[in-house]
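Here are some notes on how the strands are arranged. Please read them with the structure open.

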Amino acid sequence: GGAAQVLGPAGSATDIDERRRERARAKRRLALTRTASVLGALVAVSLVVWGIFFSPLFALSVSSVRVSGVEGTSVDAARIASAVAAFEGTPITRLDTGRVREAVMADVAVKDAVVSRRWPSGLMIEVTARQGAMYEAVGSSYALVDSEGVAFATVDARPAGLPLVSLPEEDRQQAAADVLEAWDALDGSVRQEVESLASDGAQVTIALRGSRTVKWGTRGQAVPKAQVLATLLAQRSASTYDVSVPARPVTS
């Protein structure tokens, strides 16, 4: 018979080439799989981002806004609704609650406001309203003034239980504090004699019925001043009572 062919080395080379090609194909498949996975993840993230930050599902609806703290106060609920309406349609995930708070605080009757998100499309606005501690005469009407000296509402009638005051245009907060310190120190019988209190930012003066005047002086020592004034009113008839130095009161 003929000589046998030696196929070993050639067959081995073919097998090696085939394995190399298979490994190359596997690497390409793996690369494609990884690329597809990355692209899929990017698409998923993009959809999530769109859903959270741009989807109408989270768009602010004024009908879903809740406001607390305005009942029985001078805060205009309609004005708050109007302020919030400017942000309607903005996804609450992107909404700047600080800007909403500023819009709500534009109402001078609002002393403070806390704005929080109310999912999926609303807000919760907790309002702290200013409270009248005194009032000023403004023409034929009266302005309610809070303890910080802020005039925040106009009323037609004199508010019961509050003192009529006159405050300076500047440094009203300190002037209001000084006037309230004097008013709070007076006992009930003396308060009934008070027509008004005034501060120029440094000195407090009290007008009493019967064209009488009390020179209260600067802030401080409110309790002894009030005690001395009550004693003087009970014992002496005068047009001026100076209790600015309570240890040395003067009448004239």
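1. In this predicted model, β10 and strand β11 (residues 240–242) pair in the parallel sense, over 3 bridges. Within this pair, Tyr241 of β11 stands opposite Val214. Between β10 and β11 the chain passes through helix α6 (residues 222–235), and this β-α-β crossover is left-handed.

2. β10 also has an antiparallel pairing: strand β9 (residues 204–208) and strand β10 (residues 212–217) are joined over 5 bridges. Look at Val214 again: in β10, Val214 is the bridge partner of Ile206. Val214 thus appears in both pairings, opposite Ile206 and opposite Tyr241.

3. What sign does phi have at Gly210, in the hairpin of β9 and β10? The phi of Gly210 is positive, near 80°. This hairpin has 3 residues between the strands.

4. Elsewhere there is an open sheet of 3 strands, in the order β4-β5-β6, with antiparallel pairing. β4 (134–138) and β6 (151–155) stand at the edges, and each has a single partner strand, so one side of each lacks a neighbour in the sheet. From one strand to the next, the twist averages 30°.

5. How many bridges join β4 to strand β5? There are 5 bridges between β4 and β5 (residues 141–145), and the two strands run antiparallel. Here Glu136 stands opposite Ala143 in β5.

6. A general point helps when tracing any of these strands by eye. In a regular strand, side chains alternate between the two faces of the sheet.

Notes: Residues are numbered from 1 along each chain as its sequence is written. This is a predicted model: local features need pLDDT of at least 70, side-chain atom pairs count only at pLDDT 80 or more; totals for chains, interfaces and linings use all residues. Side-chain values use heavy atoms; hydrogens and water are left out. Two strands pair if DSSP finds at least two bridges between them. Helices (H or I, at least four residues) and strands (E, at least two) are DSSP runs, numbered from the N terminus. Axes are lines fitted to C-alpha atoms, for helices over the stretch in contact, and angles run from 0 to 180 degrees between N-to-C directions. A crossover is right-handed if, with the strands pointing away from the viewer, the path from the first strand over the helix to the second runs clockwise.
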